[in-house]
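Trainee: I would like to learn how to read the features of a model like this one. Could we take them in turn, starting with a pocket?

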Amino acid sequence: MTASAYKLTSTDSEQGTIRFAVGGNSVTEATEGATVTIIVSPKPGWGTDGITAMAYMDADEMRARTRTGIDPSLVRDIEVTPVEGKPNRFTFTMPAHHVEVSATFIERQMHSGDVNGDDKTNIADVVALTNAIIAGTTDLKYDINGDNQVTADDIIALVNFIAKGYDDE
């Protein structure tokens with residue numbers, strides 16, 4: 001690690017992972033002022049309920065600041081901004097400190113398949129889902145298979161759901 005690069009770490013979770021990118025490249029450290037993207041990947045059946053980023057000093061920094069009379073604040077919150085149109089993506093500006101990020105995951109309920117809200121699960125829902133995907137939606141109400149993405153895989157999951165006899169008609 002160079003003198004101007006700071007560590008990026010995340011807490012482990014059985015419900016998902018967190019990784020970091022700068023300029024589209026996966027990283028484990030960044031320099032002060034860099035725009036860091038946090039990429040949260042919940043496991044299928046789980047969603048992201050919140051994210052926390054904290055700046056901190058390591059033991060060497062703490063000792064150096066204490067010796068020089070500088071306030072050795074150990075931890076402080078970092079403001080993270082959701083990336084519009086990209087669920088589970090956040091950015092922040094790298095401070096002159098190490099950063100640890102944690103996510104809170106929640107278990108998602110099995111999707112009923114009723115995409116259009118008519119209290120039935122049928123071909124009309126397949127059409128509504130297809131139209132939403134064509135329009136480029138990222139609204140997770142259309143995430144049928146629970147992978148935290150809205151893709152053609154959700155159409156397949158919905159058709160399979162209906163074909164197995166889970167429809168309301």
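Mentor: Start with what supplies the wall. In this predicted model, strand 5 gives the largest share of the lining of the largest pocket, namely four residues.

Trainee: How many residues line the largest pocket, and which lie nearest its centre?

Mentor: The lining has 14 residues, and those nearest the centre are Pro87, Asn88, Arg89, Asn148 and Gln149. By class, six of the lining residues are polar, five are nonpolar and three are charged.

Trainee: How is the space in a pocket found, and how much space lies in the largest pocket?

Mentor: The general idea is that a probe the size of a water molecule, rolled over the atoms, shows where empty space remains. For the largest pocket here, the space comes to about 250 Å³.

Trainee: Strand 5 came up first. In what order do the strands of its sheet lie?

Mentor: The sheet is open and has five strands in the order 3-2-5-9-8, with antiparallel pairing. Strand 3 (25-27) and strand 8 (81-82) are the edge strands, each pairing on one side only.

Trainee: How many bridges join strand 5 to strand 2, and how many join strand 5 to strand 9?

Mentor: Strand 2 (residues 16-22) and strand 5 (residues 35-42) run antiparallel and are joined by six bridges. Strand 5 and strand 9 (residues 89-93) also run antiparallel, and five bridges join them.

Trainee: Which residues can I use to trace the pairing?

Mentor: From strand 2, Thr17 stands opposite Ser41 in strand 5, and Arg19 has Ile39 of strand 5 as its bridge partner. Towards strand 9, the bridge partner of Ile38 is Phe90. When you look at the side chains, keep the general rule in mind: along a regular strand they alternate between the two faces of the sheet.

Trainee: Where does Val22 lie, and is Val22 buried or partly exposed?

Mentor: Val22 lies in strand 2. Its relative accessibility is 24%, so Val22 counts as partly exposed; the cut-off for buried is under 20%. Leaving aside neighbours within four places in sequence, Val22 contacts Val27, Ala30, Ala34, Thr35 and Val36. As for a position further along the chain, Thr91 is 69 residues away from Val22, and their C-alpha atoms are separated by 9.6 Å.

Trainee: What about a residue in a loop, such as Asp143?

Mentor: Asp143 is in the loop between helix 2 (123-134) and helix 3 (152-166). Asp143 counts as buried because its relative accessibility is 1%. With neighbours within four places in sequence set aside, its contacts are Arg108, His111, Asn148, Gln149, Val150 and Asp154. Two of these names are already familiar: Asn148 and Gln149 are among the residues nearest the centre of the largest pocket.

Trainee: How do I place these details in the whole chain?

Mentor: Count the elements, then read their order. The chain has three helices and ten strands, in the pattern β-β-β-β-β-β-α-β-β-β-β-α-α. Of its 169 residues, 33% are buried. Among contacts with a separation of 6 or more, 61% are between residues 24 or more positions apart.

Trainee: Where is confidence lowest, and where is it highest?

Mentor: Helix 1 (residues 59-68) is lowest, with a mean pLDDT of 58, and strand 3 is highest, at 97. The average over the chain is 83, and 83% of the residues score at least 70.

Note on methods:
Residues are numbered from 1 along each chain as its sequence is written. This is a predicted model: local features need pLDDT of at least 70, side-chain atom pairs count only at pLDDT 80 or more; totals for chains, interfaces and linings use all residues. Side-chain values use heavy atoms; hydrogens and water are left out. Two strands pair if DSSP finds at least two bridges between them. Helices (H or I, at least four residues) and strands (E, at least two) are DSSP runs, numbered from the N terminus. Buried means under 20% relative accessible area, exposed over 50%, partly exposed in between (1.4 Å probe, protein chains only). Contact means heavy atoms within 4.5 Å. On a 1 Å grid over the protein atoms alone, a cavity is a set of points where a 1.4 Å probe fits but cannot get out, and a pocket is an open set with protein on both sides within 12 Å along at least five of seven lines; lining residues have an atom within 4 Å of a point. Grid points are joined across faces, edges and corners, and a volume is the space filled by probe spheres set on the points. Ala, Val, Leu, Ile, Met, Phe, Trp, Tyr, Cys and Pro count as nonpolar, Asp, Glu, Lys and Arg as charged, and the others, Gly among them, as polar. pLDDT is the predictor's confidence in each residue, from 0 to 100.
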